[in-house]
Amino acid sequence: MPILFVALCGLIVGRGATASSGAAERRPAVPILVYHRFGPTVADAMTVTTAVFEEQLAWLRAHD
């Protein structure tokens, strides 16, 4: 689950990003997700399986 933590941190940080010139010019927040590699199976600690990635995307869609 460390990758999910990174994804959620990106989501939280992204939600706080707004234009500094005022509320009238706020831009929508965009979560930034960082991954090293994808694969059908875990090759090492830097691999996220495609199934886990799909679960994370579903969570983001449900919590937008």
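**Exercise 1. Decide whether Asp44 is buried, partly exposed or exposed in this predicted model, then find its side-chain partners.**

*Step 1.* Start with the accessibility. Asp44 has a relative accessible area of 33%. Buried means under 20% and exposed means over 50%, with partly exposed in between, so Asp44 is partly exposed.

*Step 2.* Now look for a charged partner. The side chain of Asp44 meets that of Arg37 in a salt bridge, 2.9 Å from N to O. Counting salt bridges is quick here: the structure holds one.

*Step 3.* Check Arg37 in the same way. Its relative accessibility is 38%, so Arg37 counts as partly exposed.

*Step 4.* Look for another polar partner. The side chains of Asp44 and Thr47 are joined by a polar contact of 3.0 Å.

**Exercise 2. Work out where Thr47 sits and what surrounds it.**

*Step 1.* Place Thr47 first: you'll find this residue in strand 2, which covers residues 47-49.

*Step 2.* Is Thr47 buried or exposed? With a relative accessibility of 9%, Thr47 counts as buried.

*Step 3.* Follow the side chain. Besides the contact with Asp44, the Thr47 side chain reaches the backbone nitrogen of Ala43 at 3.4 Å.

*Step 4.* List the neighbours, leaving out residues up to four places away in sequence: Thr47 touches Arg37, Phe38, Gly39, Thr41 and Val42. Arg37 should ring a bell, as the salt-bridge partner of Asp44.

**Exercise 3. Sort out the aromatic rings around Tyr35.**

*Step 1.* How many aromatic pairs does the structure hold? There are three.

*Step 2.* Take Tyr35 with Phe38. Their ring centres are 5.2 Å apart and their planes meet at 40°, so this pair is tilted.

*Step 3.* Next, try Tyr35 with Phe53. This pair is edge-to-face, with 5.2 Å from centre to centre and 85° between the planes.

*Step 4.* Ask what the second pair connects. Tyr35 lies in the loop between helix 1 (2-15) and strand 1 (37-39), while Phe53 belongs to helix 2 (residues 50-62), so the pair ties together parts that are 18 residues apart in sequence.

*Step 5.* Compare accessibility. Tyr35 counts as buried at 17%, whereas Phe38 is partly exposed at 43% and Phe53 is partly exposed at 22%.

*Step 6.* Put it together: Tyr35, Phe38 and Phe53 form one aromatic cluster.

**Exercise 4. Describe the protein chain as a whole.**

*Step 1.* Count the elements: two helices and two strands. Along the sequence they follow the pattern α-β-β-α.

*Step 2.* Finish with burial: of the 64 residues in the chain, 19% are buried.

Technical notes. Residues numbered from 1 in each chain as written. Predicted model: local features only at pLDDT ≥ 70, side-chain atom pairs only at ≥ 80, totals over all residues. Heavy atoms only, no water. Helix = DSSP H or I, 4+ residues; strand = E, 2+ residues; numbered from the N terminus. Buried < 20%, exposed > 50% of the residue type's maximum accessible area, 1.4 Å probe, protein only. Polar contact = N/O pair within 3.5 Å; in protein donor to acceptor, adjacent residues only side chain to side chain. Contact = heavy atoms within 4.5 Å. Salt bridge = Lys/Arg side-chain N within 4 Å of Asp/Glu carboxyl O. Phe/Tyr/Trp six-rings, centres within 6.5 Å; stacked < 30°, edge-to-face > 60°.
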